[in-house]
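Q: Could you walk me through this one? I'd like to start with how the terms are meant and then go on to the details.

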Amino acid sequence: MSRKSYQPLRHFVSIAFCLMLLAFAAVPAMASEYAALEGVKGLDSVFDFTLASPSMATVVLPAIKGVHEDKSVRALAAPPRTVIVFHGGATKLISTDRTGFDKADHEALDKFAELIRQYKKDGIKMEVCMYAVKVLDIDPATLMPEIDQVGNGFISVLGYQAQGYSVVTVP
């Protein structure tokens, strides 16, 4: 066969290769393990966090970050916006005052505090309900500085919901 007769084959292979590359490049945007994300442009989530157990909180908090960093969520057109609003008993977890906690809880509280510091760096917004802080007699000076203070956490949750955020309750 002459060189000339290979030209159409070479052209076909080049086009096929380009089409395969395009198909593979489009897979993350088209396919997801979550059928629920089909047609979704982005996930905006507010986690209504009242969980007061230090050990359970160190299990749940990484799951929240898992949503924020999930590859399927990150493949959506808009980046995720994630907010955690702490109120009720959870406000004690974000205080440096360890009164009322067993020594066994201290390690979990340390881990929880480290997660909070990292999440702030990762762009997860966090707020604490100052109404709960007052009712539970927590000294505001002991609250972690990474967490924004709001007058009433319920108003924040409702406000985010009114802006289109999905609410996830963490009781």
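A: A residue counts as exposed when its relative accessible area is over 50%, and as buried when that value is under 20%. Please keep in mind that this is a predicted model.

Q: Okay, so is Thr169 buried or exposed?
A: Thr169 has a relative accessible area of 53%, so it is exposed.

Q: Where is Thr169 placed?
A: Thr169 belongs to strand 5, and its C-alpha lies 6.3 Å from that of Phe49, although 120 residues separate the two in sequence.

Q: What order do the strands of the sheet take?
A: The order is 4-3-2-1-5, with five strands forming an open sheet whose pairing is parallel. From one strand to the next, the twist averages 25°.

Q: Which strands stand at the edges?
A: Those are strand 4 (148-150) and strand 5; each has a single partner strand, so one side of each is left without a neighbour in the sheet.

Q: How many bridges join strand 3 to strand 4?
A: Three bridges join strand 4 to strand 3, which covers residues 125-129, and the two run parallel. One of the pairs involves Val128, whose bridge partner in strand 4 is Gln149.

Q: Switching to helices, what does helix 2 touch on the sheet?
A: Helix 2 packs on the sheet through contacts with strand 1, strand 2 and strand 5, and its direction makes about 170° with that of strand 1.

Q: Which residues of helix 2 are buried?
A: In helix 2 the buried residues are Pro54, Ala57, Thr58, Leu61, Ile64, Lys65 and His68. Seen down the axis of helix 2, they fall within an arc of 125°, and therefore they line one face of the helix.

Q: And what covers the buried residues of helix 2?
A: The cover includes strand 1 (44-49), strand 2 (81-86) and strand 5 (166-170), together with helix 3 (71-74) and helix 4 (103-121).

Q: What span should helix 2 have?
A: Helix 2 has 16 residues, 54-69, so at 1.5 Å a residue it should span 22 Å, and the 23 Å between its end C-alpha atoms agrees with that.

Q: Last topic: where is Pro145 found?
A: Pro145 is in the loop that runs between helix 5 (130-135) and strand 4.

Q: Buried or exposed, this Pro145?
A: Pro145 is exposed, since its relative accessible area is 74%. Measuring aside, the model places the C-alpha of Pro145 9.7 Å from that of Ser95, and their positions lie 50 residues apart in sequence.

How values were computed. Residues are numbered from 1 along each chain as its sequence is written. This is a predicted model: local features need pLDDT of at least 70, side-chain atom pairs count only at pLDDT 80 or more; totals for chains, interfaces and linings use all residues. Side-chain values use heavy atoms; hydrogens and water are left out. Helices (H or I, at least four residues) and strands (E, at least two) are DSSP runs, numbered from the N terminus. The expected span of a helix is 1.5 Å times one less than its number of residues. Buried means under 20% relative accessible area, exposed over 50%, partly exposed in between (1.4 Å probe, protein chains only). The arc is that of the directions from the helix axis to the C-beta atoms. Contact means heavy atoms within 4.5 Å. Two strands pair if DSSP finds at least two bridges between them. Axes are lines fitted to C-alpha atoms, for helices over the stretch in contact, and angles run from 0 to 180 degrees between N-to-C directions.
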